[in-house]
Amino acid sequence: MSHPAFLGAGELARKIRDREISSLELTDHYINRIEQLDGSINAVVVRDFDRALSAAAKADGELAGGNIAGPLHGVPVTVKEAFNIAGLATTWGVPPLRDNIADTDAEVVKRLRQAGAVFMGKTNVPFGLGDIQTYNEIYGVTNNPWNLSRSPGGSSGGSAAALAAGLCALEVGSDMAGSIRVPAHFCGLYGHKPTWGVVPNQGHALPGAVASPDLGVVGPMARTVEDLVLAMDLLACAQPLNQAGWRLNLPRPDKTSLREYRVAILPGSEIAPVDDEISARVVETGRILAEHGAQVSDQALPDIDLKGNHEIFLNLMWSLTTDGVSEEQYLKARQLADSIPSADLSDAAIAARARVISHRDWLQHNNRREILRYAWRRFFDDWDVLICPVFAATAINHDDGPVNQRTLTVNGVPQPYFQPMFWAGLSTVSYLPGTVFPAGLAQNGLPVGLQVIGAEYNDYITLDFVRLLTKHTGGFQIPPGYRT
């Protein structure tokens with residue numbers, strides 16, 4: 001078998017079932033890669049190798065007895081550190097939680113186990129999951145396999161780096177402001193941000209947090225779109241408290257070729273400029289689609305104010321960040337918000353006010369969000385998908401300076417560090433699904449990813465569209481130096 005580390009999880013599962021390789025052999029292969037290659041990347045920071053080898057041997061024994069647990073029987077995987085795995089620490093990169101040992105598995109971990117997956121460990125995150133880079137005081141800095149001086153993104157940066165370097169077969173991350181999509185873009189992977197609420201997120205929380213957060217979702221990351229579909233088949237289901245009376249029935253694709261699709265493209269926006277090379281990649285993707293018979297428009301947009309959409313997203317997202325802070329921290333946030341002139345409508349000012357937002361104001365933003373959802377629904381009555389950038393640039397350099405002093409360079413011009421969250425919030429605020437796919441390499445040799453946004457609950461539509469598109473745009477490429 002050539003390069004088994006980079007085969008898809010579904011393909012590896014088939015090889016295990018066909019006895020072409022054993023789960024123990026494959027798990028040992030990945031563990032050896034982690035031990036040999038991860039020193040310079042620092043992706044798999046919580047390692048559970050002994051239990052993984054035992055689970056792999058057990059999987060082989062069950063297979064020999066004619067028992068197959070599920071579609072991932074014996075396949076070695078990792079998950080983002082923020083998910084609970086019984087017996088392992090869940091810290092979110094927060095030093096006081098260094099000894100927070102989970103006593104149960106997160107819901108997605110349970111479902112992957114039931115499907116036969118073997119867990120080798122967990123992958124690195126930024127402090128509190130709150131950055132587009134991945135580093136913290138507990139586990140250190142994670143580097144991008146494409147260029148170790150660059151970040152793999154955040155907050156699922158360890159997940160993306162592990163997949164790109166061939167250290168695991170499948171990953172599960174989480175996303176609110178691009179935390180699946182940006183790392184997938186930075187590392188040349190496929191990632192899917194599901195419709196809000198269709199994948200249970202219990203067990204992806206800090207101690208004491210039980211209620212599901214607004215906006216945040218958990219979803220799969222992989223080297224093939226087929227693995228994203230496989231993972232969604234396993235993970236999408238009712239939340240635990242809803243299972244007695246709620247069933248999920250996501251629409252399935254009914255198109256068989258690109259020519260059947262109506263595709264809108266949004267190459268860029270003055271609200272959050274992107275590198276010309278990335279905008280050009282969106283346009284080129286539109287050209288490829290038109291060449292294969294799809295109806296393509298660079299003018300079609302939902303009937304919404306994009307700047308207003310972004311402001312609603314910022315208010316709703318930043319309002320989540322003071323949950324659980326101390327009274328002293330809250331008062332400081334309150335004082336900062338009160339000190340900002342009301343005429344200041346910058347992203348930083350909106351964020352400061354949102355951290356101490358009143359319930360009345362939150363309800364008003366939530367109502368505006370509902371108006372946006374209806375506008376998107378009308379748009380997707382006429383168009384099947386929207387393709388746009390994921391982020392303003394390719395993988396960024398490491399920068400551990402004060403967040404409020406960081407900038408990004410876009411087309412040679414400094415840009416506020418968090419401004420590109422516009423591209424994540426475009427779909428997040430209205431609960432829309434988004435699938436990221438690799439769209440080749442930039443001139444600097446780093447990957448470019450684009451996102452495909454669809455209507456609420458049309459997760460399998462965006463996934464299948466990407467499957468068809470990938471036939472004409474390529475797919476995952478192995479970073480130089482890791483084809484060993």
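How far apart are the closest N and O atoms in the salt bridge that Arg14 forms with Glu20? They are 3.4 Å apart, and the first view starts there. Please keep in mind throughout that this is a predicted model.

**View 1. Arg14 and Glu20 belong to a network of salt bridges.** The linked residues are Glu11, Arg14, Lys15, Asp18 and Glu20. Arg14 is partly exposed, with a relative accessible area of 29%, and Glu20 is also partly exposed, at 44%. For context, the salt-bridge count comes to 26.

**View 2. Strand E3 pairs with both E1 and E2.** Here we look at residues 118-123, the span of strand E3. Strand E1 (residues 44-47) pairs with E3 in the antiparallel sense over three bridges, while strand E2 (residues 76-80) runs parallel to E3 and is joined to it by five bridges. Lys122 in E3 is a handy landmark: Val46 stands opposite Lys122, and so does Val79. Between E2 and E3 the chain passes through helix H4 (residues 107-114), making a right-handed β-α-β crossover. Six of the six residues of E3 are buried, so this strand is largely enclosed by the rest of the structure.

**View 3. Within helix H4, Glu107 forms a salt bridge with Lys110.** The closest N and O atoms of this pair are 3.2 Å apart. Both residues sit in H4, three residues apart, which is about one turn of the helix. Glu107 is buried, with a relative accessible area of 16%, whereas Lys110 is partly exposed at 34%.

**View 4. A salt bridge joins Glu456 to Arg373.** The closest N and O atoms lie 2.8 Å apart. This pair links distant parts of the chain, 83 residues apart: Glu456 is in the loop between strand E15 (447-453) and helix H14 (459-473), and Arg373 is in helix H12. Glu456 is buried at 18% relative accessible area, and Arg373 is partly exposed at 23%. Helix H12 (residues 359-382) also holds Glu370, whose C-alpha atom is 9.5 Å from that of Val429, 59 residues away along the chain. Glu370 is partly exposed, with a relative accessible area of 32%.

**View 5. The second largest pocket is lined by 15 residues.** Its space comes to about 450 Å³. Which residues lie nearest its centre? They are Trp318, Ala348, Val403, Asn404 and Phe418. Helices H9 (306-318) and H11 (347-354) each supply at least two lining residues, and H11 gives the largest share, three residues. By class, the lining has nine nonpolar, three polar and three charged residues.

Methods:
Residues numbered from 1 in each chain as written. Predicted model: local features only at pLDDT ≥ 70, side-chain atom pairs only at ≥ 80, totals over all residues. Heavy atoms only, no water. Buried < 20%, exposed > 50% of the residue type's maximum accessible area, 1.4 Å probe, protein only. Helix = DSSP H or I, 4+ residues; strand = E, 2+ residues; numbered from the N terminus. Pairing = 2+ DSSP bridges. Right-handed = clockwise from strand over helix to strand, strands pointing away. 1 Å grid on protein atoms, 1.4 Å probe; cavity = no way out; pocket = protein on both sides within 12 Å on 5 of 7 lines; lining within 4 Å. Points joined across faces, edges and corners; volume = space filled by probe spheres on them. Nonpolar A, V, L, I, M, F, W, Y, C, P; charged D, E, K, R; others polar. Salt bridge = Lys/Arg side-chain N within 4 Å of Asp/Glu carboxyl O.
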